[in-house]
Amino acid sequence: MKNFTITGTYTDLYQLTMAQVYYLTGKSRQEAVFDYFYRKNPYEGGYTIFSGLGTLLDVLQDIRFTPEDIEYLKQIGLNADFADSLVDFKFTGTLHAVKEGEVIFPNEPVLRLEGSIVEAQIVETLLLNILNFQSLIATKAARIRSVSGDRVLSDFGLRRAQGTGGYHATRAAYIGGFNSTSNVKAAHDFGIPVVGTMAHSFIQSYDDELTAFRDFALNRPDNCILLVDTYDTLKSGVPNAIEVAKEMKARGQSLLAVRLDSGDLAYLSKKVRTMLDEAGFHEVKITASNQLDEWVIKSLDDQGAPIDIFGIGTSLVTGAPDAALDGVYKLSYSNGKPRIKLSENLKKLTLPDKKQVHRVINGDGRFFGADIVLKADEKSPDTMYHPSEPDKSLSLQGMKQEPLLHKVMENGQPVAPYPSLQSIASYCQERLALLPEEHKRFYYPHVYKVGISEALLKERNELRNQYKK
């Protein structure tokens, strides 16, 4: 059985069948421009966190078709000449994108890919796969961070993730605001702090809980967290943990925390805090796990639960309850002409041409609550128009506009060293702090306006009329 690696076959078959037609009709070097955007915020929220760009750039630099790939493509019926041509495949395109960690909104292009029609088509599936997933998880993490205050958040989700998705879920969670992970591989590769406690099986393997605690503390004195709910949290687990804490103190060591993994976490955490404080261990923290998400944490906070650390697994790495972000990749320019996809629903009518996105900034430096999509060569417009209700407009007179799309790759190579994951995570929190509170509400968040310029509106309408004829 082969190890999983990403090669050119990490795509859908229809990308290759279309690319074959372009090749056989002499259009393989035809210029193409595609936009990546999404249509709806996950979790009925007011924003999304753009994540996965660093992963995408790494993959695009290295993606190739192996000799085994090419033979397989011939076996499944692709043209032999076309398949053989892929031996030289290399991504040589140019990417403009918003910064990773940016707060983004529906229906605005957050990545523009320019390249040959063949390479742009072949990389579509992996681009969507990477950006949709990591943006979903980073958004989930940001929502959890928003209700957790300064408390420690740790990703415990690898065992519950969909296959190897747990690896990049850890990366995205860190961008969205998590502090650490139990995922050793991801922690090593991405430079994320790694944490670990113990499982119930460790305690069950001993004849008594106290001996299990003692052995663990002796062998892991610097980061000792004891799981106290294997048998009876308040009658057994916590008293035994306190006994071990006393023994550690006598050795000049400190118990870091106790962990609750079941039961009424609000009730138990209050009782545990009292027991620890009465024993003189005010510094010992309380960790909680077991099916946590932003709603549970919000409820625990409302109940005054004295929990210091949250270990969050399933709901984080699966993006529950939303299974996916509905990001799409649409052609906007090809062979020297702007392109458009028609729809009876104006909301699904795509925007043509090469574009830029400007964020409108308030006088106090915060986000105004509006982004404008414009043609790439336009100056900052004074007015933006509703994309599907063009009789609605908004004056931007005198307001600062910040361009969001920046060149990140040219001729298949990054234009500058990529920021560290720590820098991306910090940037995410900085940008979220500039987003007005009404857009961060859990219930009925205010809609962030995304409009288009007059020039783009005019071009879209002209193309729409042209193709309708």
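Analyst: Axes are lines fitted to C-alpha atoms, for helices over the stretch in contact, with angles of 0 to 180 degrees between N-to-C directions. This is a predicted model, with local features needing pLDDT of at least 70 and side-chain atom pairs 80 or more, while totals for chains, interfaces and linings use all residues. Numbering runs from 1 along each chain, and side-chain values use heavy atoms, without hydrogens or water.

User: Happy to start with helix 11 and helix 12: how are they oriented to each other?

Analyst: Helix 11 spans residues 233–250 and helix 12 residues 265–278 (DSSP runs of H or I, at least four residues; strands are E, at least two). Their axes come within 11 Å and cross at roughly 40 degrees. That angle is neither under 35, over 145 nor from 65 to 115 degrees, so the pair is oblique.

User: Which residues of helix 12 make the contact with helix 11?

Analyst: Contact means heavy atoms within 4.5 Å. From helix 11, Thr233, Leu234, Val238, Pro239 and Ile242 take part. Their partners on helix 12 are Tyr267, Leu268, Lys271, Val272, Met275 and Leu276.

User: Nice! Is His439 buried or exposed?

Analyst: His439 sits in the loop between helix 15 (421–434) and strand 21 (449–452). Beyond four places in sequence, His439 touches Gly46, Tyr47, Gly369, Pro445, His446, Val447 and Tyr448. Its relative accessible area is 2%, so with buried set at under 20% and exposed at over 50% (partly exposed in between; 1.4 Å probe, protein chains only), His439 is buried.

User: And what is the relative accessible area of Lys354?

Analyst: Lys354 belongs to the loop between strand 13 (337–338) and strand 14 (355–361). Among its contacts beyond four places in sequence are Glu31, Arg112 and Glu114. Lys354 is partly exposed, at 25%.
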